[in-house]
Each structure stands twice: as C-alpha cells, then as structure tokens.
Amino acid sequence: NGRKDSNGSSDPYVRITCIEPTRSRKKTTTQKRMNLNPTWNERFFFADVAGNGRIVFDVFDADENGSDDLIGKVTIPLERLARNELSEAN
C-alpha cells in the first residue's frame, strides 16, 4: 500500500542512490501520477561501480504543496548484486 494524499491517491517516484566509499550518485524514475500500485519498467546504469558500496531505493510521494513524503526504502549491498544473490523473498 502506498501513502495516500488527501485526494486518496499517491504520486510515487523512486530515487536510486549508488553509495560508494568515495562518492554518491543519484538517479530518479518517472513519477506515476495518482497511482497506489505503481510499476516502473525503467533501467538505470551507474558506470565504474565499486563492489563494496550499496544501492538505496527511496520511494517518495510527490507533494505539490510542500516536501515530498518518504513512503519506503530498500538498501542492497552491491556485492550481493555482483554475486546475483537477490530474489523476491529477500
């Protein structure tokens, strides 16, 4: 379930942050207007990534009248991605 606005819907987007020991880079998905069950079929590429970093997915509800609300967050160590250890159960 997404966090609802006063209109009963949500305008979610995801900020993807690649955090490495010496730098941090961000990318952002498109916003899914008025959607409580969004799907993003988008691809992002971070070049020259250090294996000891992490990827953080912050899901926000865009708010036109103030700051965006954090809906959820997932952090994945890059070493798990490199070893292909992820599944839906994780």
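Okay, let's start with one pair of side chains: Y13 and D68 are joined by a polar contact of 2.5 Å. Keep in mind that this is a predicted model.

So where does Y13 sit? The tyrosine belongs to strand β1, which covers residues 12–19. And is Y13 buried or exposed? Its relative accessible area comes out at 14%, and since the cut-off for buried is under 20%, Y13 counts as buried.

Now, who's around it? Leaving out anything up to four places away in sequence, Y13 touches T28, T29, T30 and Q31, then W40, then D58, V59 and F60, and finally A62 and D68. Take W40 from that list: it's 27 residues from Y13 along the chain, and the two C-alpha atoms are 8.8 Å apart.

Let's zoom out to the sheet. Four strands make it up, it's open, and going across you read β2-β1-β3-β4, with antiparallel pairing. Which strands are at the edges? Those are β2, residues 24–28, and β4, residues 69–77, and each of them pairs on one side only. On average, neighbouring strands here are turned by 20° against each other, if you ignore direction.

Back to some of the contacts of Y13. T28 is on that list, and residue 28 is where edge strand β2 ends. D58, V59 and F60 are also on the list, and strand β3 spans residues 54–61. Strand β3 runs antiparallel to β4, and eight bridges join the two. One example involves D58 again: its bridge partner in β4 is K73.

So if you've got the structure open, click on Y13 in β1 and go from there to D68, at the other end of that 2.5 Å polar contact.

Key: Residues are numbered from 1 along each chain as its sequence is written. This is a predicted model: local features need pLDDT of at least 70, side-chain atom pairs count only at pLDDT 80 or more; totals for chains, interfaces and linings use all residues. Side-chain values use heavy atoms; hydrogens and water are left out. Two strands pair if DSSP finds at least two bridges between them. Axes are lines fitted to C-alpha atoms, for helices over the stretch in contact, and angles run from 0 to 180 degrees between N-to-C directions. Buried means under 20% relative accessible area, exposed over 50%, partly exposed in between (1.4 Å probe, protein chains only). Contact means heavy atoms within 4.5 Å. A polar contact is a pair of N or O atoms within 3.5 Å; within protein, one must be able to donate a hydrogen and the other to accept it, and residues adjacent in sequence count only if both atoms are side-chain atoms.
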